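User: I would like a close look at a single part of this structure, set out in one connected account.

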Amino acid sequence: MTRGQFITFEGGEGAGKSTQVARLAERLRAGGIPTVVAREPGGTPLGENIRDLVLQASPEPVTELLLFAAARAEHVAKVIRPALEHGTWVVCDRFIDSTRVYQGRLGGVPGDLIGAVETHSVAPIFPDLTLVLDLSVEEGLKRTEARGELSRFDAKGTEYHQRLRNGFLDIARAEPDRCVVIDGSRTPDEIADDIWRSVEDRLLAKAR
Ligand code: TYD
């Protein structure tokens with residue numbers, strides 16, 4: 001059986017990731033490709049508990065790194081890897097790049113520690129395609145605010161969000177074989193079509 005493909009969505013807040021995750025999964029399934037949707041932190045009962053802990057408790061960056069990594073190790077071993085091996089595609093809302101940017105670049109956790117944790121909690125299950133939903137800081141905050149969802153992660157200043165955006169863009173530039181930057185300022189339909197073109201070019205064309 002052919003291995004499934006692993007697609008992750010990354011980006012700052014308010015870029016419309018969850019809408020696009022759902023739309024891509026729908027489109028894949030409509031095309032006859034078995035697909036599961038996942039999110040991080042979360043994805044397993046233990047991971048969901050960790051999600052509640054982290055999102056409520058404002059831990060230290062290194063504590064966050066280890067908690068996210070614990071949730072991710074379970075998620076990869078119990079959900080993502082088995083699905084891919086079964087030929088199912090996995091579309092995941094946030095993954096390793098969120099850790100690199102939030103805990104690494106913004107939290108100040110050293111890159112060697114992040115890299116070591118990544119290697120031992122994820123490898124060799126790296127995403128086949130990462131879609132970075134990119135949006136200006138002003139637009140992102142406006143949208144998040146309009147949804148009434150200013151969580152503790154959102155309640156940071158403009159500079160924080162600018163560094164967040166740059167963090168994802170830098171990863172995309174450094175790993176162009178894996179990452180595609182998607183302009184999130186357009187309508188949901190336009191974004192979904194753009195994402196579909198990337199999936200076709202990068203994954204479906206290869207599988208044919
Ligand atoms: P969530 O409510 O899912 O936010 P979003 O809709 O923006 O994805 O909360 C997830 C938060 O956790 C988000 O602010 C990013 C953060 N996060 C990390 O800091 N590190 C990680 O490794 C992951 C997966 C998420």
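How many bridges join strand 2 to strand 3, and in which sense do the two strands run? Please take the sheet as the part to examine, and continue to the residues and salt bridges that can be placed around it.

Analyst: The model is a predicted one. Five bridges join strand 2 to strand 3, residues 89-93, and the two strands run parallel. Within this pair, valine 36 stands opposite valine 90 of strand 3.

The pair belongs to an open sheet of five strands, whose order is 2-3-1-4-5 and whose pairing is parallel. Strand 2 (35-39) and strand 5 (179-183) stand at the edges; each has a single partner strand, so one side of each is left without a neighbour in the sheet. From one strand to the next, the twist averages 20°.

Strand 4, residues 129-134, has a partner on either side in the order 2-3-1-4-5. Five bridges join strand 1 (residues 6-11) to strand 4, and these two run parallel. In this pairing glycine 11 stands opposite leucine 133 of strand 4. Strand 4 and strand 5 also pair in the parallel sense, over five bridges, and here valine 132 is placed opposite valine 181 of strand 5.

Strand 4 is mostly covered, with six of its six residues buried. In a regular strand, side chains alternate between the two faces of the sheet. In strand 4, Leu129, Leu131 and Leu133 point one way, while Thr130, Val132 and Asp134 point the other way, and all are buried. The two positions named in the pairings above, leucine 133 and valine 132, therefore belong to opposite-pointing sets of strand 4.

Leucine 129 leads to a residue outside the sheet, since it is among the contacts of valine 199. Valine 199 lies in helix 8, residues 188-207. Its relative accessible area is 0%, so valine 199 is buried. Not counting residues up to four places away in sequence, valine 199 touches Ile7, Leu24, Leu28, Trp89, Leu129 and Leu204. Valine 199 and arginine 29 are 170 residues apart in sequence, and their C-alpha atoms are 13 Å apart in space.

Threonine 88 precedes strand 3, in the loop between helix 3 (61-85) and that strand. With a relative accessibility of 11%, threonine 88 counts as buried. Leaving aside residues up to four places away in sequence, threonine 88 touches Gly4, Gln5, Pro34, Thr35, Val36 and Ala83. One of these contacts, Val36, is the residue that stands opposite valine 90.

The salt bridges can be followed next; the structure holds 22 of them. In helix 4 (residues 96-106), aspartate 97 and arginine 100 are three residues apart, which means that about one helical turn separates them. Their side chains meet in a salt bridge at 3.6 Å, N to O. Aspartate 97 is buried because its relative accessibility is 2%, whereas arginine 100, with a relative accessible area of 23%, is partly exposed.

Arginine 100 also meets the side chain of glutamate 175 in a salt bridge, at 2.8 Å, N to O. This pair links distant parts of the chain: arginine 100 is in helix 4 and glutamate 175 is in the loop between helix 7 (158-174) and strand 5, 75 residues apart. Glutamate 175 counts as partly exposed, at 26% relative accessibility. Asp97, Arg100, Glu118, Glu175 and Arg178 are linked in a network of salt bridges.

A further salt bridge involves helix 8, which spans residues 188-207. Aspartate 194 forms a salt bridge with arginine 186, and the closest N and O atoms are 2.8 Å apart. Aspartate 194 counts as buried at 18% relative accessibility, while arginine 186, at 26%, counts as partly exposed.

On the surface, Val62, Leu66 and Leu113 form a nonpolar patch, with about 230 Å² of accessible area together. Leucine 113 lies in helix 5, residues 111-121, and counts as partly exposed at 32% relative accessibility.

Technical notes
Residues are numbered from 1 along each chain as its sequence is written. This is a predicted model: local features need pLDDT of at least 70, side-chain atom pairs count only at pLDDT 80 or more; totals for chains, interfaces and linings use all residues. Side-chain values use heavy atoms; hydrogens and water are left out. Two strands pair if DSSP finds at least two bridges between them. Helices (H or I, at least four residues) and strands (E, at least two) are DSSP runs, numbered from the N terminus. Axes are lines fitted to C-alpha atoms, for helices over the stretch in contact, and angles run from 0 to 180 degrees between N-to-C directions. Patches are made of residues with over 30% relative accessible area and no salt bridge: like charges are joined within 9 Å, nonpolar side chains (Val, Leu, Ile, Met, Phe, Trp, Tyr) within 5 Å. Accessible areas come from the Shrake-Rupley method with a 1.4 Å probe; for residues, only the protein chains shown count as cover. A salt bridge is a side-chain nitrogen of Lys or Arg within 4 Å of a carboxyl oxygen of Asp or Glu. Buried means under 20% relative accessible area, exposed over 50%, partly exposed in between (1.4 Å probe, protein chains only). Contact means heavy atoms within 4.5 Å.
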